[in-house]
Amino acid sequence: MSFKSMEKIVELCLEQNKSFYEIIIEEDINESAITLEESLNKMTQMWKAMIDASDNYNGKLKSKSGLVGGNGLKMLEYLDKKDSYCGSFTTKVIAEALKMGESNACMKRIVAAPTAGSCGVIPAVLISYYQYADISEKEIIQALYVAGGIGQVIAERAFVSGAAGGCQAEIGVASAMASGALVFLKNGTVEQICHATAMTLKNLLGLVCDPVAGLVEVPCVKRNVIGAVNALSCADMALAGIESQVPVDQVIDAMKEIGENMDTMYKETACGGCGITPRAVEIENELRSTNI
Amino acid sequence: MNIFDIIGPIMVGPSSSHTAGAVRIGLVTRHLLAQEPVSATITLHGSFSATGFGHGTQKAIIAGLLGMLQDDMRIPQSDVIADQLGFEYNFEYKTIKDAHPNTALIHVIGKNGREIEVQASSIGGGRILINKIDGILVNFSGEQNTLIVHNIDQPGHVAEVTSTLSHKSVNIATMQLFRDARGGYAVMVIETDQDIPNESIDWLNHLEGVIKVTYLSAVK
């Protein structure tokens with residue numbers, strides 16, 4: 001079984017003097033009855049698929065509905081002007097998040113992490129950092145286990161889907177997973193990984209899933225950006241020594257409580273929020289008249 | 001949840017439930033048919049019907065029926081490929097009673113004339129549940145080896161099936177029994193840890209009182 005709490009992972013790390021990554025991968029090979037090498041190969045495949053998806057981005061493509069496409073390219077062109085508020089690294093992260101979200105909407109091959117709708121968050125920060133910093137692929141793979149371990153705990157304690165818990169349970173979770181991975185990559189402590197995860201998830205608590213015309217396009221693609229940038233800021237806060245007053249497991253429980261009490265109109269039904277704005281209704285009517 | 005359900009799967013977008021899950025529904029249906037499909041009528045229900053077009057649900061189901069996996073880059077062109085192969089299909093958009101919002105009902109005919117009707121739901125994260133086969137409740141995921149035996153409801157059939165499995169050292173993981181009426185039509189759904197050899201399937205097929213045997217090797 002995957003771990004039911006982040007506290008348990010920290011306990012094992014300290015008891016056995018192991019890293020977060022080691023605890024998670026050992027659990028995986030035990031649970032799945034596979035070898036260390038098999039598990040690592042599979043995670044490497046995931047990483048390579050993320051890189052492929054980023055490399056194969058086509059800025060000229062539009063989604064079937066025509067609502068999204070091309071913004072990743074715009075952001076890359078803006079990055080070249082070297083005049084962004086966010087600075088070159090964060091601007092690159094934004095571009096990567098858009099690219100992946102758009103590729104997903106355009107039926108390209110991506111890696112759900114944890115879901116298809118939130119597939120841009122983790123690769124956006126990891127691919128950008130991999131290209132900017134002097135780190136090995138091996139370290140990135142390890143960071144993916146950290147991200148995955150965090151996601152497993154959240155899936156175990158709460159949920160990982162917009163239909164079950166709103167966008168907080170997709171982009172919020174992806175963001176929390178990404179921030180933990182980022183802290184790990186800069187040799188943060190396991191406690192810092194937990195603080196980053198807690199702060200990241202807290203910042204996105206209550207976020208609803210309100211897709212226009214029920215499609216994984218608006219506002220999903222751009223929400224991958226807030227997920228990625230939130231992960232960066234919370235990872236930096238944790239590495240600076242800033243702590244979350246509410247422990248991470250309790251934040252996850254709070255997300256669950258909020259998600260359970262969230263009206264179904266805000267849980268991927270396209271019956272609330274952005275999904276029922278006048279513009280959304282217009283779009284839906286346009287699509288209906290041209291499609292089926 | 002397995003770590004590769006969190007980081008993964010690798011899939012063609014845009015939706016794990018409406019695209020990846022839909023491919024899997026088509027693929028498992030193909031495996032249940034156990035021969036090359038030549039035509040299909042596909043009914044989409046609920047959210048599959050309402051937002052299927054924008055999610056590529058139709059193309060995804062066709063792709064699965066043609067044997068493609070969820071990460072196959074040809075999924076967006078599966079309709080064109082179906083035309084090239086002469087695979088005929090049509091879609092209907094109707095409410096299916098008491099069904100999960102993401103449900104498809106597929107009636108498919110194979111090249112050797114075998115027909116099967118599968119009702120399946122995409123339950124999130126690309127995972128699916130086969131709800132009914134030929135109108136009979138079954139409820140299995142297809143993630144494990146699954147044996148489905150349709151028989152007349154009379155004493156001894158469960159024992160025959162389980163002893164056939166034990167004879168081949170096949171361990172039963174789960175077992176469900178359904179029937180429409182006492183002495184009527186009964187169904188066994190058995191998930192096993194090991195693959196069941198063809199000769200055992202053939203043997204079961206020839207038993208008196210057994211109407212139909214369907215076997216699905218775990219679809220990864």
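Here is a walk through a sheet in chain B and then through the place where chains A and B meet, all in a predicted model.

Let's start with the sheet. Chain B has four strands that line up as β9-β10-β8-β11, giving an open sheet with antiparallel pairing. At the edges you'll find β9 (172-179) and β11 (210-216) of chain B; each has a single partner strand, so one side of each is left without a neighbour in the sheet. On average, neighbouring strands here are turned by 10° against each other, ignoring direction.

Now look at one pair in that sheet. Strand β8 (residues 145-152) and strand β10 (residues 185-192) of chain B are linked in the antiparallel sense by eight bridges. If you want a spot to click on, try B:Leu147, which sits opposite B:Ile190 in β10(B).

Two helices go with these strands. Helix α6 (residues 157-167) of chain B packs on the sheet and touches β8, β9, β10 and β11 of chain B, with its direction at about 25° to that of β10(B). Helix α7 (residues 198-205) of chain B lies across β8 and β11 of chain B, and runs at about 160° to β11(B).

Next, swing over to the contact with chain A. Here 29 residues of chain B are in contact with 39 residues of chain A. On the chain B side, α1 (3-6), β1 (10-12) and α3 (46-55) each supply at least two residues, and the largest share, six residues, comes from α3(B). By class, that side of chain B has 16 nonpolar, twelve polar and one charged residues.

The chains also share strand pairing: β1 (residues 109-111) of chain A runs antiparallel to β1(B), joined by three bridges. Within that pairing, A:Val111 has B:Ile10 as its bridge partner.

Notes
Residues are numbered from 1 along each chain as its sequence is written. Chains are lettered from A and ligands numbered from 1 in the order in which they are written. This is a predicted model: local features need pLDDT of at least 70, side-chain atom pairs count only at pLDDT 80 or more; totals for chains, interfaces and linings use all residues. Two strands pair if DSSP finds at least two bridges between them. Axes are lines fitted to C-alpha atoms, for helices over the stretch in contact, and angles run from 0 to 180 degrees between N-to-C directions. Two residues are in contact if their C-beta atoms, placed from the backbone, lie within 7 Å. Ala, Val, Leu, Ile, Met, Phe, Trp, Tyr, Cys and Pro count as nonpolar, Asp, Glu, Lys and Arg as charged, and the others, Gly among them, as polar.
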